[in-house]
Amino acid sequence: MAFSNHVLYVIGFLDMLGVAIILPLRSSHLANLGARPLLQGVYTSIYGLLQFISGPLFGYWSDRKGRRYVLLRCCVVISSCYFLGGIVGGIVLFYALIIPLALFKHTQALCKMYITDSSTIRENSDILGRFNAISNVGFIIGPVIGGQIWINFNSFQLVSMLGSCCFILNFILIYFSISYYNQSAEMKATSEDLYSKLIDLQHNRPRGHIGNPSRYPPDLNRTATILASLNATKNYIENDNKSKNIKHSTQSTSFISSMKDVPWGTIWDNILYRFLLSGSIIIYRSNFNEFIKTQFNKGPDFIGNIISVGSLVGCFAGFFAGPIIRNTLSHPLLQLSLAIMLAVSVAGITVATSATQVFILAAFPLAISASVLRVLSNQILLMRVGKLRVGLLLGITHSVTSFSRIVFPLIGGFAYEYHHQIPGVIGSGLAIIAVIVMFAQLLCKSKIREYHEHVE
């Protein structure tokens, strides 16, 4: 499994490298084809809308057919779209390619689903943090490579071919190195082990520890944390016949029925926090370049330095996200702390009086909080619902982020027309709303726990 993880790191790196080589130059190429700024905005909106629609569908498809099966087909389609995008000469054909490209560009999400399938809950945050960090390295160096090709050869076709080759390499790596993963069998074995620990915990926990996992002895505390995911998986053991037929029943279940079976009451807050916090970052970044120029009269070199340093800090934070999450006693409390850090960073950037303040806030606390929150939100989701239909669930969360990319750049653009600081105010406001809901939720849970302890 360690070998597969290292291969996944390379796949994630190549995936982001292929995207980052092309993405910064797409606007220039569209302008050369005759697209006005409005049409370029339409291109981005269509891409986000199709990603929003297709996220749950591809998660459901990968639950039925397997991650490897869907990943291979995604690589073929993406590689073909990038290659054709470089050779077509008309704007209509270029826009037509956005449909298959946006529908199939879920390789990052599918890799994360495979990581979730093939790792234990305890290992997941470590592996996912390293995956995000190494993938981001590709996003750092990709624009440099694409920019040099554009300057020296003035050829978008060459840039597109290079991006296409990245996904051809990914296809080869996936085909020869990533095996089919039997999620149902692994879930059943894991559930048996966890369920036996649950029975032992219920029979051996000391009086006064009921309802308060933080007061368990260390071994029981770790077990109690892991057992949070049993709500979705213990039925495998309680009904062996259903467990044996889980694969057949999952494949015969329609997508709509699967959406109805999603435990919305368990994950609503996770989805809300993703929407608010991702929206806070997106609306801040959507007009960041113009904000820096207007507020501090700084050019692209200063903006590039912020982006480069922030990306590097985010990579390092990704490497350490796993140990931070694993050694934290309370994931909700860590999430609240990171959300506060993000809100303070965005608000501080908005009211900063010097470019140095912006550089420090954007490159360090904002980058760190955003990087760790991405891993933590997946870990909390996994702890709550287990691995059952994880593809569909991660697809839904991916669609939430895609929806944020559709809505908040438009809001930020309209807000910027009135004043260059309003997008930052809205961004910090979104993060503050998330903080308030998190705090209220923690307070309610604390009151409920105290009530149960008093009754007992």
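**Exercise 1. The nonpolar core**

Which four of the 101 residues in the largest nonpolar core touch the most other members? Then work out which helix gives the largest share of this core, and which residues Val 358 is in contact with beyond its neighbours within four places in sequence.

*Solution.* Start with the hubs: in this predicted model, Phe 288, Ile 292, Ile 349 and Val 358 touch the most other members of the 101-residue core. Next, look at where the core comes from: helix α1 (residues 2–33) supplies its largest share, 11 residues. Finally, select Val 358 and leave aside its neighbours within four places in sequence; its contacts are then Phe 288, Ile 292, Phe 296, Ile 306, Ile 349 and Ala 352. Three of the hubs, Phe 288, Ile 292 and Ile 349, therefore turn up in the contact list of Val 358, given that contact means heavy atoms within 4.5 Å.

**Exercise 2. A cavity and its lining**

How many cavities of 30 Å³ or more are there? For the second largest cavity, find the volume, the lining residues and the helix that gives the most to the lining.

*Solution.* The count comes to 7 cavities of 30 Å³ or more. The second largest cavity holds about 100 Å³ of space. Its lining is made of Ile 283, Tyr 284, Asn 287, Phe 288, Phe 291, Val 346, Ile 349, Thr 350, Tyr 416, His 420, Pro 423 and Gly 424. Now sort these by helix: α16 (264–286), α17 (288–296), α19 (331–351) and α23 (422–455) each bring at least two residues, and α19 gives the most, with 3. Sorting by chemistry, you get 8 nonpolar residues, 4 polar and no charged.

**Exercise 3. Two polar residues under the surface**

Are Gln 335 and Ser 160 buried or exposed? Find what each of them is in contact with, beyond its neighbours within four places in sequence.

*Solution.* Take Gln 335 in helix α19. Its relative accessibility is 7%, so Gln 335 counts as buried, the cut-off being under 20%. Leaving aside neighbours within four places in sequence, Gln 335 is in contact with Tyr 273, Leu 373, Leu 376, Ile 380 and Met 438.

Ser 160 sits in helix α8 (residues 156–177), and at 1% relative accessibility Ser 160 is buried. With the same neighbours left aside, Ser 160 is in contact with Ile 22, Tyr 82, Phe 83, Gly 85 and Gly 86. As an extra check, compute the C-alpha to C-alpha distance from Ser 160 to Leu 25: 9.9 Å in space, for 135 residues apart in sequence.

**Exercise 4. Salt bridges across the chain**

How many salt bridges does the structure hold? For the pairs of Asp 117, Asp 126 and Arg 384, name the partner and the helices that are linked.

*Solution.* The structure holds 5 salt bridges. In one of them, the side chains of Asp 117 and Arg 67 meet at 2.6 Å, N to O. Asp 117 belongs to helix α6 (residues 107–118) and Arg 67 to helix α3 (residues 67–87), so this pair ties together parts that are 50 residues apart in sequence. Both Asp 117 and Arg 67 are buried, and a network of salt bridges links these two with Asp 63.

Asp 126 pairs with Arg 326 at 2.4 Å, N to O. Here helix α7 (residues 121–153) is linked to helix α18 (residues 300–326), with the partners 200 residues apart. Asp 126 is buried at 12% relative accessibility, whereas Arg 326 is partly exposed at 30%.

Arg 384 meets Asp 269 at 2.5 Å, N to O. Arg 384 lies in helix α21 (residues 365–385) and Asp 269 in helix α16, 115 residues apart. Asp 269 is buried, with a relative accessible area of 2%.

Methods: Residues are numbered from 1 along each chain as its sequence is written. This is a predicted model: local features need pLDDT of at least 70, side-chain atom pairs count only at pLDDT 80 or more; totals for chains, interfaces and linings use all residues. Side-chain values use heavy atoms; hydrogens and water are left out. Helices (H or I, at least four residues) and strands (E, at least two) are DSSP runs, numbered from the N terminus. Buried means under 20% relative accessible area, exposed over 50%, partly exposed in between (1.4 Å probe, protein chains only). A nonpolar core is a set of buried Ala, Val, Leu, Ile, Met, Phe, Trp, Tyr and Cys residues joined through side-chain atoms within 4.5 Å. On a 1 Å grid over the protein atoms alone, a cavity is a set of points where a 1.4 Å probe fits but cannot get out, and a pocket is an open set with protein on both sides within 12 Å along at least five of seven lines; lining residues have an atom within 4 Å of a point. Grid points are joined across faces, edges and corners, and a volume is the space filled by probe spheres set on the points. Ala, Val, Leu, Ile, Met, Phe, Trp, Tyr, Cys and Pro count as nonpolar, Asp, Glu, Lys and Arg as charged, and the others, Gly among them, as polar. A salt bridge is a side-chain nitrogen of Lys or Arg within 4 Å of a carboxyl oxygen of Asp or Glu.
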